[in-house]
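Take a moment with the sequence and the structure below. We will start at a single residue and work outwards from there.

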Amino acid sequence: MATWNTRGLRGSTLEDMINYTNEQYRVKNLALIQKIPTPIKPITIEKESRHITLAYFDQKSTVDYIGAVQGIPVCFDAKECVAKTVPLQNIHVHQVDFMRQFEKQGGIAFILLYFSQMDEAYYLPLRDVILFWERGQRGGRKSFTYAEVDKTFRVKITGGAYIHYLEALQLDLISREGLET
């Protein structure tokens with residue numbers, strides 16, 4: 001069972017950028033994307049402040065974000081890493097299964113990946129995630145590298161807080177049209 005207070009603020013920089021971006025998209029009427037909170041079970045609560053100081057994850061979460069972009073259902077997970085190697089253990093089987101099912105229902109699923117040391121973000125289409133995932137399942141690498149990420153899907157970061165992933169989503173939609181013909 002995972003403990004809430006030992007995970008620190010892992011991924012919070014990326015989530016802050018995405019949350020800010022999603023609010024801007026909402027205000028500009030471009031998209032409506034919501035952060036999905038991970039259900040927790042409080043164990044210890046400070047009596048004075050009523051703050052939760054120890055909690056356990058109550059159940060497995062699906063993805064970090066879900067919503068719609070101009071009528072297109074989207075879901076995605078945010079992953080932040082320091083190194084140029086992304087361990088597949090950071091992408092859970094239940095997340096991959098959910099994203100696969102989401103796309104079978106006509107939605108678009110992806111991962112927003114942030115390499116913090118380089119201050120670079122990438123949109124990782126589900127098809128790429130599945131390639132890396134299946135390679136690992138077949139006994140291959142249990143990770144993928146910065147070099148393997150499709151640089152076509154680099155996401156602009158402006159103002160240090162705005163991670164403009166809709167441009168990469170549009171490129172993904174265009175590439176999917178090419179795959180269907």
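**From one loop residue to the whole fold**

Asp-64 lies in the loop between β3 (52-57) and β4. Keep in mind that this is a predicted model. Is Asp-64 buried or exposed? Its relative accessibility is 10%. Buried means under 20%. Asp-64 therefore counts as buried.

What is Asp-64 in contact with, leaving aside its neighbours within four places in sequence? The list includes Glu-15, Gln-34, Lys-35 and Ile-36. Phe-76, Asp-77 and Ala-78 are also in contact with Asp-64.

Now step into the strands. Strand β1 (residues 31-35) pairs with β4 in the antiparallel sense, over 5 bridges. Here Lys-35 stands opposite Tyr-65 in β4. Strand β4 is also joined to β5. These two strands run antiparallel, with 5 bridges between them. Tyr-65 appears again in this pairing, opposite Phe-76 in β5. How many residues lie between β4 and β5 in their hairpin? There are 2. In the turn sits Gln-70, with a positive phi of about 50°.

Next, look at helix α2. It covers residues 93-104, which makes 12 residues. At 1.5 Å a residue, α2 should span 16 Å. Its end C-alpha atoms are 17 Å apart, so the model agrees with the expected span.

Which residues of α2 are buried? They are Gln-95, Val-96, Met-99 and Phe-102. These residues cover an arc of only 125° around the axis, which means they sit on the same side of α2. The general rule helps here. An α-helix has 3.6 residues a turn, so residues three or four places apart point the same way. On the other side of α2, Gln-101 and Lys-104 are exposed.

What do the buried residues of α2 pack against? Two of the partners are already familiar: β4 (65-69) and β5 (72-81). Strand β7 (108-115) and helix α3 (126-137) are partners too. After α2 comes Gly-106, whose phi is positive, near 95°.

Finally, step back to the whole protein. There are 4 helices and 11 strands. Of the 181 residues, 38% are buried. Consider the contacts between residues at least 6 apart in sequence: 67% of them join residues at least 24 apart. The accessible surface comes to about 10500 Å². Carbon and sulfur atoms account for 52% of that surface.

Definitions and conventions
Residues numbered from 1 in each chain as written. Predicted model: local features only at pLDDT ≥ 70, side-chain atom pairs only at ≥ 80, totals over all residues. Heavy atoms only, no water. Expected span 1.5 Å × (residues − 1). Buried < 20%, exposed > 50% of the residue type's maximum accessible area, 1.4 Å probe, protein only. Arc of directions from axis to C-beta. Contact = heavy atoms within 4.5 Å. Pairing = 2+ DSSP bridges. Areas by Shrake-Rupley, 256 points an atom, 1.4 Å probe, with all protein chains shown as cover.
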